[in-house]
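Trainee: I have a protein in front of me and I'm not sure where to begin reading it. Could you walk me through it?

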Amino acid sequence: MKVNLNTFDGLATPCYVLEERRLRRNLELIKSVAKAADVEIILAFKAYALWKTFPIFREYICSTTASSLYEARLASEEFGSKAHTFSPAYTDYEIDDIARCSSHLTFNSLSQYARLHDRARLANDSVSFGLRVNPEYSEVGTALYNPCAPGTRFGVTADKLPDRLPDDIDGFHCHCHCESGADVFVRTLAHIKEKFSKWFGQLKWINFGGGHLMTRKDYDIPLLVKTLNDLHRDYPHLNIILEPGSAFAWQTGSLVSQVVDVVEDRGIKTAILNVSFTCHMPDCLEMPYMPAVRGAEAIEGGCGAEAAEPCVYRLGGNSCLSGDFMGLWRFPAELKIGDNVIFEDMLHYTTVKTNMFNGITHPSIALAHDDGTLEMLKVYAYEDYKNRMD
Ligand SMILES: Cc1ncc(COP(=O)(O)O)c(C=O)c1O
């Protein structure tokens with residue numbers, strides 16, 4: 001099927017549309033940063049794991065990061081290289097398989113390391129062990145995404161680390177960013193160095209986690225490259241790894257939905273769509289943030305007065321959750337049944353997080369080639385819903 005990638009006219013059912021051209025643009029940029037800064041930049045599956053597109057990724061990057069057995073298997077079996085794995089808690093019944101699928105395995109605590117490192121080594125004698133450390137500094141404002149908030153369950157703080165690390169710990173892993181700029185990395189790195197540089201001589205690698213949003217328009221790439229090159233100068237023996245997720249899929253496509261009904265209560269018009277915020281765009285409600293809708297103007301913090309305007313709508317999901325709505329948005333014309341409503345930038349943290357609550361039909365997932373041809377990667381069916389539960 002061929003569509004106009006601006007309007008998606010003719011598309012009658014909901015679909016996540018990943019645009020190959022935009023994806024390649026991000027991949028080019030990420031590859032160029034990795035080269036300029038002499039670091040490894042790997043894809044975090046937690047943000048994006050559309051495995052049928054992995055052949056495209058393989059043209060630009062060599063590795064991925066996993067946070068569970070299934071992600072580690074996907075890395076090994078579909079991406080074609082073992083994963084850099086971190087999980088807050090490995091279990092006895094999965095550690096062997098996880099180790100087999102991993103080139104790097106980071107433990108979240110000294111107790112996890114002590115209990116499981118021998119077993120992991122037995123399962124894979126070439127795996128490189130790391131320890132997640134927590135610098136107790138993060139500029140992430142949203143508590144839900146702040147790994148360094150007091151009482152955090154992530155990583156070992158400097159006061160709990162022995163002067164001499166266990167011999168088979170090769171690396172530190174440190175994740176403290178979320179959609180952050182290079183300036184945040186500079187400030188955070190100062191804290192990391194202050195707390196942990198005394199151990200750097202004992203390490204082979206350091207992984208600075210995700211959240212480096214280098215594909216965002218205003219991201220200061222020269223500053224990131226300079227910061228990393230300065231670090232190489234000071235610690236030439238350290239391999240540096242970054243594992244962003246969002247940066248790969250940032251602005252690479254949309255979720256195309258259709259208007260199914262328009263209802264009104266107390267002056268508020270809600271266009272009910274064939275997608276759901278809670279099922280298909282969960283971060284909108286969790287973060288929360290108001291997604292951009294193509295051609296419409298978001299009325300942030302709308303006081304309600306705007307709702308009386310003829311083309312201003314709430315957008316409502318098709319689940320039974322009362323709070324499955326957002327808005328208001330001002331559209332250029334009144335919405336009609338069947339109109340497309342296109343949510344921008346819906347390729348990261350969506351398809352990996354969606355659910356089948358209420359048995360709502362899951363939007364299809366398509367890869368759009370440059371000429372507008374849609375290659376369907378996945379069309380969901382009743383069996384996908386049924387098979388999850390029995
Ligand atoms: C340990 C770790 N690595 C990488 C990432 C990817 O972060 P992002 O998608 O924001 O780049 C996350 C996100 O939560 C994470 O927790």
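Mentor: We will go through the domains, then the strands, and then the surroundings of the ligand, and please keep in mind throughout that this is a predicted model.

Trainee: Okay, so which domains is the chain divided into?

Mentor: The protein chain is divided into domain 1, which covers 38–249, and domain 2, which is made of 253–346 together with 354–387. The C-alpha centres of domain 1 and domain 2 lie 34 Å apart, and the contact between them takes 5 residues from domain 1 and 5 residues from domain 2.

Trainee: And what kinds of residues are on the side of domain 1 that touches domain 2?

Mentor: That side of domain 1 divides into 2 nonpolar residues, 2 polar ones and 1 charged one.

Trainee: Switching to strands now, what order do they have in the open sheet?

Mentor: The open sheet has 9 strands with parallel pairing, and their order is β2-β10-β9-β8-β7-β6-β5-β4-β3.

Trainee: Why is one side of β2 and of β3 left without a neighbour in the sheet?

Mentor: Both β2 (40–41) and β3 (43–44) stand at the edges and each has a single partner strand, so one side of each is left without a neighbour in the sheet. For β2, the pairing with strand β10 (residues 239–242) is parallel and runs over 2 bridges, with Ile41 standing opposite Leu242 in β10.

Trainee: What actually holds paired strands together?

Mentor: In general, strands of a sheet pair through backbone hydrogen bonds, either parallel or antiparallel.

Trainee: So which strands run antiparallel to β11 here?

Mentor: Strand β1 (residues 15–19) is joined to β11 (residues 253–265) by 4 bridges in the antiparallel sense, and there Tyr16 has Leu255 as its bridge partner. Strand β16 (residues 340–343) also runs antiparallel to β11, again with 4 bridges, and Ser257 is partnered by Val341 in β16. Strand β12 (residues 268–273) pairs with β11 in the antiparallel sense over 6 bridges, where Val263 stands opposite Thr270.

Trainee: How many residues sit between β11 and β12?

Mentor: There are 2 residues between β11 and β12, which form a hairpin, and Arg266 in the turn has a positive phi of about 45°.

Trainee: Last thing, the ligand: which residues come nearest to it?

Mentor: Among the 14 residues around the ligand, the nearest are Ala47, Gly210, Pro244, Gly245 and Ser246. The shell as a whole divides into 6 nonpolar, 6 polar and 2 charged residues.

Technical notes:
Residues are numbered from 1 along each chain as its sequence is written. This is a predicted model: local features need pLDDT of at least 70, side-chain atom pairs count only at pLDDT 80 or more; totals for chains, interfaces and linings use all residues. A residue is near a molecule or strand if its C-beta atom, placed from the backbone, lies within 6 Å of it. Ala, Val, Leu, Ile, Met, Phe, Trp, Tyr, Cys and Pro count as nonpolar, Asp, Glu, Lys and Arg as charged, and the others, Gly among them, as polar. Two strands pair if DSSP finds at least two bridges between them. Domain bounds come from an automatic or database domain assignment. Two residues are in contact if their C-beta atoms, placed from the backbone, lie within 7 Å.
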